[in-house]
Amino acid sequence: LNVMTHEIMNSIVPVTSLSDTLKKKMHSFKESPSDPSDPDWKDMEFALDTIYRRSAGLLRFAETYQNLTQKIVPNMELYNLYELINSVHFLMNPSLRQKGIRFELRTDNPDVTAYMDRDLIEQVIINFITNATNAVNGKEHPQIYLFSGNDTEGHPFITIADNGYGIPESIRNNIFIPFFSTKKNGNGIGLSISREIVKLHHAEIHVQSQEKQGSAFTILFSSKNGKYS
């Protein structure tokens, strides 16, 4: 139950915020109708598609975790990483903007692809962004970055970085332990679930952090279908 509540809350907050943004935009269109070819209409279409996809992904996640004894088998397909993080950026940006957090999207190669279960990896990215949001709380100029590209060995990667307070070295090895949390109301579920999902993809999570400067969580994918090498 704690697992389900955690994952649902992480997705519902940005979906609700994006829905509110979409509602306001539709209201402005009623006040001043525009041509359907207007770029704003394209944004609305993309917003609706993003809300639908995340909602469907969350439903599938819930169905997958109904039976915790059931072996989870990722539905592996080839996806463009920049398109994926662009969709997550579009989903999360309204709620982060409301918090005064600058959310930047970057890539060193927009054509990089990787095999993954998109719904599950999207959930991992949302978990990392949610943690980054907490990490920058109280910073004067809070920023979160979302990157995609290839590393020097050709492995596709996605990185979520922030300029928050960092992770103390004394607890850095404990952050993926189930139910371990330094937050007052934290449940220690998000990172442990994220690690298990990434393991199912034969991928790796790399963590870099400096106290008072920020942290970066990188998902390093296989360069081939389903196997990290």
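These legends walk through several close-up views of a predicted model.

**View 1. The whole chain at a glance.** Let's start with the full protein, whose secondary structure comes to five helices and seven strands. Along the sequence, these elements follow the pattern α-α-β-α-β-β-α-β-β-α-β-β. Of the 229 residues, 45% count as buried. The accessible surface is about 12,600 Å², and 52% of that area belongs to carbon and sulfur atoms. Among the contacts with a separation of 6 or more, 74% are made by residues 24 or more positions apart.

**View 2. An open sheet of five strands.** Here the strands stand in the order β2-β4-β5-β7-β6, and their pairing is mixed. Which strands form the edges? They are β2 (102–107) and β6 (204–210), each of which pairs on one side only. On average, neighbouring strands of this sheet are turned by 15° against each other, with direction ignored.

**View 3. Helices on the sheet.** Helix α4 packs on the sheet and touches β2, β4, β5, β6 and β7. The direction of α4 makes about 20° with that of β5. Helix α3 (residues 81–98) lies across β2, β4 and β5. Relative to β2, helix α3 runs at about 175°.

**View 4. Strand β5, covered on both faces.** Now zoom in on residues 156–162, the strand β5. In a regular strand, side chains alternate between the two faces of the sheet. On one side of β5 sit P156, I158, I160 and D162, and on the other F157, T159 and A161. Are these residues of β5 buried or exposed? They are all buried, so both faces of the strand are covered. Because seven of the seven residues are buried, β5 is largely enclosed by the rest of the structure.

**View 5. The hairpin of β4 and β5.** Strand β4 (residues 143–150) runs antiparallel to β5, and seven bridges join the two. One bridge to look for pairs N150 with P156 in β5. Between the strands of this hairpin there are five residues. Within the hairpin, G154 takes a positive phi near 90°.

**View 6. Where β5 meets β7.** How many bridges join β5 to strand β7 (residues 214–220)? There are six, and the two strands run antiparallel. I160 has F217 in β7 as its bridge partner, while D162 stands opposite S215.

**View 7. Inside the largest nonpolar core.** This core has 45 residues, and I125, I129, L146, I158, I160 and F221 touch the most other members. Which element gives the largest share of the core? Helix α4 (residues 118–135) does, with eight residues. Two residues from that list, I158 and I160, will be familiar from one side of β5 in View 4.

**View 8. E45 on helix α2.** To finish, turn to E45, which is found in helix α2 (residues 39–64). With a relative accessible area of 51%, E45 is exposed, because exposed here means over 50%. E45 and L22 are 23 residues apart in sequence. In space, their C-alpha atoms are 9.6 Å apart.

Notes. Residues numbered from 1 in each chain as written. Predicted model: local features only at pLDDT ≥ 70, side-chain atom pairs only at ≥ 80, totals over all residues. Heavy atoms only, no water. Buried < 20%, exposed > 50% of the residue type's maximum accessible area, 1.4 Å probe, protein only. Pairing = 2+ DSSP bridges. Core = buried A, V, L, I, M, F, W, Y, C linked by side-chain atoms within 4.5 Å. Axes fitted to C-alpha atoms, helices over the stretch in contact; angles between N-to-C directions. Contact = heavy atoms within 4.5 Å. Areas by Shrake-Rupley, 256 points an atom, 1.4 Å probe, with all protein chains shown as cover.
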